[in-house]
Amino acid sequence: MARRTCRPTPTHHLFLEPLNTRCPACQGPLWAAYMNPRTVTTLHGVYRLTLRIRRCVTPSCPRYHLPYRPEEEGSWALPHGEFGFDVIALIGRLRYAEHRSVGEIHQHLLTRGIPLAERTVTYLVERYEELVTLRLADAERLRTLLTAQGQVILALDGLQPDRGHEVLWVIRDCLSSEVLLARPLLSATQGDLVALLREVKQALPVPVSGIISDGQDTIRTAVAAVFPETPHQLCHFHYLKEATKPIAEADRHAKKELQKQVRGVRPLERALEGRNDAEATAIRGYCLAVRSAITDDGRPHLSSPGLLLYDRLQQIVASIDRVAKKGGSRLPWPSCGWSCSAGWTRPRRYGRSCAKPPRGDARRRRSSPIRSSCAEQTCGSATKHG
């Protein structure tokens, strides 16, 4: 598809010239042949690069009349590319570190003053993946890095995005965080894993001092076959996951019981339909806080969702109690019938009572019919659960 908009106007101008004036093949003179303009968009603006191109004029030279471009040009962008490496790196970070979509990345770049199309973002994501692949596949770089390190600790794990599809097995070094091998396999048998481990073992220039995995049977047997004398340890995440199973089960049960005690948010919201006063806004805020606390599952085995829900409900009830003590809005909420400190088991013996006044009581009604009905419904529900 042809370009529909004009190219951005350059904000900076630079002149690049080759540092070498002698031909690298025959050491003859490199004559200035022509100028080549190029526009590159970076995070700091749009640069107009004017390149001086030289050529060897020796007829017997194998590089006769071949263009010799400035050495600095390679640090700006890819050949025939319109965007600098800093833009590609930013797109890669937003895509794989922050997990943003292509549309979100496009809007972020537009807010930073980088004009480009949404389809160009997809193209630059592919260029980022190619650059990362080339870096990870650089065997000489890995050999130099691992040799200076002196040892490696291998981490082996598989990832299956969808059931029934290929499993991506990754072997990386825990000390340098470098990926040593990544390959999809249709199965995870002992023979397949043994072949992967042997391939890594032959390519490593240093010994393996330890191996970490999730402890699957096939992984244990494969490691024992290839590295019989190397210590094999269960990773900390899976170790804690297995160790905290009883605690996680009790926490899950506690959260389930807590969720039963705070039902009835939707009837309160329905009773406030059509009201926009301050009291209704405050009640909706508390309803939203309770709903957010219930739906937040947290991160099991690293945090306790049940305890987190309990703490958040305590904070909500404490806030309602402070409002009631200050003489603010008479909220038809748990402050009138139950509290976190009492475990939602019995009505409170102090504060504003939610029971109906006895017959013949001449006290003036202090709340609207909507608030009274909501309060009776909530308190009755709490007493019933209690």
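Call a residue buried when its relative accessible area is under 20%, exposed when that area is over 50%, and partly exposed in between. With that in hand, let's walk through this predicted model, starting with its cysteines.

Cys26 comes out at 31% relative accessibility, so this residue counts as partly exposed. Cys61 has just 6%, and so belongs with the buried residues. Are these two joined? A disulfide is a covalent bond between the sulfur atoms of two cysteines. To be counted here, the sulfur atoms have to lie within 2.5 Å. The closest cysteine sulfur to that of Cys26 belongs to Cys61, and it sits 3.5 Å away, which is too far for a bond. Looking back from the other side, Cys61 has Cys26 as its nearest cysteine sulfur and takes part in no disulfide. The tally for the structure is 0 disulfides.

Now for the rings. The model has 2 aromatic pairs, and one of them brings Tyr96 and Tyr128 together. Their ring centres are 5.9 Å apart and their planes meet at 20 degrees, so this pair is stacked; the cut-off for stacking is under 30 degrees. What makes the pair fun to trace in the structure is where its partners come from: Tyr96 is in helix α1 (residues 85–96), Tyr128 is in helix α3 (residues 118–136), and the two are 32 residues apart, so the contact links distant parts of the chain.

How open are these tyrosines? Tyr96 is partly exposed at 41% relative accessible area, and Tyr128, at 23%, is partly exposed too. Tyr96 has another neighbour to look at: Arg95 places its charged end over the Tyr96 ring, 5.8 Å from the ring centre.

Notes: Residues are numbered from 1 along each chain as its sequence is written. This is a predicted model: local features need pLDDT of at least 70, side-chain atom pairs count only at pLDDT 80 or more; totals for chains, interfaces and linings use all residues. Side-chain values use heavy atoms; hydrogens and water are left out. Rings of Phe, Tyr and Trp (its six-membered ring) pair if their centres lie within 6.5 Å; planes under 30 degrees apart count as stacked, over 60 as edge-to-face and the rest as tilted. Helices (H or I, at least four residues) and strands (E, at least two) are DSSP runs, numbered from the N terminus. Buried means under 20% relative accessible area, exposed over 50%, partly exposed in between (1.4 Å probe, protein chains only). A charge sits over a ring if NZ of Lys or CZ of Arg is within 6 Å of the ring centre and within 35 degrees of the ring normal.
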